[in-house]
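Grab a coffee and load the coordinates. Below are a few exercises on side-chain packing, each with a worked solution.

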Amino acid sequence: EEKVKARTEEIRQTMGFLELSHEKLKKSFITSVKMFSNLMEMREGTMGGHSRRVAELARSIAVHMNLKDSEINDLMVAALLHDIGKIGLPDSLIRKPFSMLTSEERAEYIKHPVKGQMALMELDQFKGAAELIRVHHERFDGKGYPDGLSGMAVPLAARILAVANEYDALQNGSLTAKPMKAAEAKQYLLEGRGTRYDPLVIDAFLGVVTELEKFTVNREEEEMALRSNRIKSGMVLSRDLHTADGIMLLSKGYVLNEAVIEQLQSYERSESKMLTIYVRG
């Protein structure tokens, strides 16, 4: 009995280490995808950070709607890489609001979801995300692209991605000629409930945004916005840290240490730009 008990404890500890390693691998994978996403956005001007914001909102909506972990993982990757098909487009086209594109420009632009899918299909771990990328511009009423799918024919995760993507795009000016404020963007989405967007997703989106607005009111009490000369080893990032150009340097939840702090200070000196670092602890 003692041997069985000891062996059981060994197995339990081994499983614990395996689970820990698995979690670290998952975090490293998402962090790598975030970094790649930021590299894509370096040429997109005001779009910097767009994919990261879309991913965070999409994940919150998915959790609110009780999607499975595997579905949320695919959604996160798809959200971070949903614009990968735009890599071959000229800067002038990428930076022009969709509503202002000519018919020729629009015909070229709407190919990007299919190109995005094709770019990722060869990698097994990206196949689920690639399928979502293809259909994230479909509409609930069937008037989207590239396939004209409607209703439940569009995967739920893609319907979520569509809402999260357009909420941010409306605010950064990539969808309409004039950037909208958050309240205006929310109203725009609400008016598209049942036509452009799945009504259930819009309802979940409104619930998530309401909670985020409450959180934002109290955020200053829960976190500190510091310069690099005031942060200390052991503090935890409460938001992703990125440059003014939208390039992510460190991801949310990263525990700062002396070596990283020194690198951040060195970056500020070399770029002559100050970073605002949001931390807890």
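**Exercise 1. The largest core**

Which residues of the largest nonpolar core touch the most other members? Keep in mind that this is a predicted model.

Solution.
- Step 1: Collect the members; the largest nonpolar core has 52 residues.
- Step 2: Rank them by how many other members they touch, and Ile61, Ile160, Val163, Leu189 and Phe205 come out on top.
- Step 3: Map the core onto the elements that give two or more residues: α2 (50-64), α3 (69-81), α4 (91-94), α7 (127-135), α8 (156-172), α9 (182-191) and α10 (199-222). Helix α8 supplies the largest share, with nine residues.
- Step 4: Zoom in on Ile61. Skipping residues up to four places away in sequence, Ile61 touches Ile160, Val163, Val201, Ala204, Phe205 and Val208.
- Step 5: Look for what lies apart from this core, and you'll find another one of 13 residues, including Met235, Leu237, Leu264 and Leu275.

**Exercise 2. A histidine in a helix**

Is His112 buried or exposed, and which residues is it in contact with beyond four places in sequence?

Solution.
- Step 1: Place the residue: His112 belongs to helix α6 (residues 112-120).
- Step 2: Check the area. His112 has a relative accessible area of 1%, and buried means under 20%, so His112 counts as buried.
- Step 3: List the contacts. With neighbours within four places set aside, His112 is in contact with His82, Asp83, Gly85, Lys86, His136, His137 and Tyr145.

**Exercise 3. Rings against rings**

How many aromatic pairs are there? Classify two of them.

Solution.
- Step 1: Count the pairs; there are three.
- Step 2: Take Phe98 and Tyr145, with 6.4 Å centre to centre and 20 degrees between the planes. Planes under 30 degrees apart count as stacked, so this pair is stacked.
- Step 3: Locate the two rings. Phe98 is in the loop between α4 and α5 (103-109) and Tyr145 in the loop between α7 and α8, so the pair ties together parts 47 residues apart in sequence. Both Phe98 and Tyr145 are buried.
- Step 4: Now Tyr167 and Phe205: the centres are 5.0 Å apart and the planes at 70 degrees, so call this pair edge-to-face. Tyr167 sits in helix α8 and Phe205 in helix α10, 38 residues apart, and both are buried.
- Step 5: Look for a cluster: ring pairs join Phe98, Tyr109 and Tyr145.

**Exercise 4. Charges over rings**

Where does the charged end of Arg106 sit? Do likewise for Arg239.

Solution.
- Step 1: The charged end of Arg106 sits over the ring of Phe98, 4.4 Å from its centre.
- Step 2: For Arg239, the ring is that of Tyr278, with the charged end 3.6 Å from the ring centre.

Terms used: Residues numbered from 1 in each chain as written. Predicted model: local features only at pLDDT ≥ 70, side-chain atom pairs only at ≥ 80, totals over all residues. Heavy atoms only, no water. Core = buried A, V, L, I, M, F, W, Y, C linked by side-chain atoms within 4.5 Å. Buried < 20%, exposed > 50% of the residue type's maximum accessible area, 1.4 Å probe, protein only. Helix = DSSP H or I, 4+ residues; strand = E, 2+ residues; numbered from the N terminus. Contact = heavy atoms within 4.5 Å. Phe/Tyr/Trp six-rings, centres within 6.5 Å; stacked < 30°, edge-to-face > 60°. Lys NZ or Arg CZ within 6 Å of the ring centre and 35° of its normal.
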